[in-house]
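Subject: Structure handover and notes

Dear colleague,

I am passing on the structure we discussed, together with my notes on what was found in it. Please open it alongside this message, since the notes refer to individual residues throughout.

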Amino acid sequence: MENPITKLAHSLGMSEDDFVSCLNQKAGKLLNMGEMFGICGICSKYQINPLVDGELHIMVNNRNGAVTPILGVNGFHRIMSSDPRFRRLTFEYSQEYVNLGSLKINGMDIPKVCPVWIRGCLTTVIDGKEFTSTRTEFFSDCVKQSSGWQQSPARMLHHRCMAQLVRSVLGVPLSDEGAPITEPEYRQQQARPQQLQPQPIVNFDEVEVVSATGQPQPVPRQCQRPVEQQRHNMYMPG
């Protein structure tokens, strides 16, 4: 019987030695056998390619060197689209937006905004019957100090909502890249790591919330909650 490392390497058309070398390079450290088995077991179960950017990230704890596999948005999308129960995924956006300043593009100031909340609806088919599960993610609950959230907050909130639906409805017990992992306790190692300058996290005492018509609105109560507070409601078909 093939071990998970050999099985996954052969499924990718690689030799075991080449696969292990590439995985160590992506992690930025020499993974031990237990870490290798854990990563390869997850990838084999959910048909994830750990060498493809966006499907699986390998997070390394700076304090003790512990390794945590983090499923990327492409990984959640692959799991969702390949699940025979999946039918459709739709999103609804709030009419209020958090104003996060502006971006300078071609000499023009482009407003950088993010919906206060995003609601996702995932429809599945079980025993011939359709079930729709909903999940609402608030910007104030999800935002964290990282380059992705600072540069593309609306996209990250969209990804976070999709990942939480896939986790709760399709039963994928894995962390996602939008989760509030404490930085700099963890680092993501890549073949060519880039040093990113930390940016100040959003201060909700200073942000402005505007409606779809562009009129300033009072900061909703959801935006006044601590960033660390998370929603854990799970909506299952039934």
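The notes below go from the overall picture to the cores, the helix packing, the cysteines and a few single residues.

Please keep in mind that this is a predicted model. The protein has seven helices and 10 strands, and of its 238 residues 42% count as buried. Among the contacts with a sequence separation of 6 or more, 63% are accounted for by residues 24 or more positions apart.

As general background, nonpolar side chains in soluble globular proteins tend to be buried together. In this model the largest nonpolar core holds 33 residues, and the members that touch the most others are L23, I39, L71, V166 and V172. Two or more residues of this core come from each of the helices α1 (4-11), α2 (16-27), α3 (33-46), α4 (73-82) and α7 (153-170), and the strands β1 (56-61) and β2 (67-71) contribute in the same way. Another core lies apart from it and has 14 residues, including V98, L100, W117 and L157. Returning to the largest core, where V166 is one of the members with the most partners, I looked at what this residue meets outside its own stretch of chain. Once neighbours within four places in sequence are left aside, V166 is in contact with F76, I79, M80, G171 and V172.

The next point concerns how the helices at the start of the chain are packed. Two packed helices are described by the angle between their axes and the distance between the axes. For α1 and α2, the axes come within 9 Å and cross at roughly 95 degrees; because angles from 65 to 115 degrees count as roughly perpendicular, α1 is described as roughly perpendicular to α2. On the α1 side the contact is made by I5, T6, L8 and A9, and on the α2 side by E16, F19 and V20. Sorted by class, the residues of this contact are five nonpolar, one polar and one charged.

The pair α2 and α3 packs at an angle of about 100 degrees with the axes 12 Å apart, and these two helices are therefore also roughly perpendicular to each other. Here α2 contributes F19, V20, L23 and N24, while α3 contributes M36, I39 and C40. The residues of this contact divide into six nonpolar, one polar and no charged. It may help to note that F19 and V20 of α2 take part in the contact with α1 and in the contact with α3, and that L23 and I39, which belong to the α2 and α3 contact, are also named among the residues touching the most other members of the largest core.

How many disulfides does a search of the whole structure find? It finds zero. C142, for instance, is in no disulfide, and the nearest cysteine sulfur, that of C161, is 8.4 Å away. C142 counts as buried because its relative accessible area is 1%, whereas C22, at 30% relative accessibility, counts as partly exposed.

Two backbone details deserve a look. Most residues other than glycine have a negative phi. Q47, in the loop between α3 and β1, nevertheless has a positive phi near 55 degrees, and at 56% relative accessibility this residue counts as exposed. D127 also has a positive phi, of about 55 degrees, although it is not a glycine. D127 lies in the loop between β6 (117-126) and β7 (129-138) and is exposed, with a relative accessible area of 79%.

Finally, there are two helix residues for which I noted a C-alpha distance. H158 is found in helix α7 and is partly exposed, with a relative accessible area of 24%. H158 and F91 are 67 residues apart in sequence, yet their C-alpha atoms are 8.3 Å apart in space. Not counting residues up to four places away in sequence, H158 touches F91, Y93 and I118. S21 lies in helix α2 and counts as partly exposed at 44% relative accessibility; S21 and L31 are 10 residues apart in sequence and 9.7 Å apart in space, C-alpha to C-alpha.

With best regards

How values were computed. Residues are numbered from 1 along each chain as its sequence is written. This is a predicted model: local features need pLDDT of at least 70, side-chain atom pairs count only at pLDDT 80 or more; totals for chains, interfaces and linings use all residues. Side-chain values use heavy atoms; hydrogens and water are left out. A nonpolar core is a set of buried Ala, Val, Leu, Ile, Met, Phe, Trp, Tyr and Cys residues joined through side-chain atoms within 4.5 Å. Buried means under 20% relative accessible area, exposed over 50%, partly exposed in between (1.4 Å probe, protein chains only). Helices (H or I, at least four residues) and strands (E, at least two) are DSSP runs, numbered from the N terminus. Contact means heavy atoms within 4.5 Å. A disulfide is a pair of cysteine sulfur atoms within 2.5 Å. Axes are lines fitted to C-alpha atoms, for helices over the stretch in contact, and angles run from 0 to 180 degrees between N-to-C directions. Angles under 35 degrees count as roughly parallel, over 145 as roughly antiparallel, 65 to 115 as roughly perpendicular and the rest as oblique. Ala, Val, Leu, Ile, Met, Phe, Trp, Tyr, Cys and Pro count as nonpolar, Asp, Glu, Lys and Arg as charged, and the others, Gly among them, as polar.
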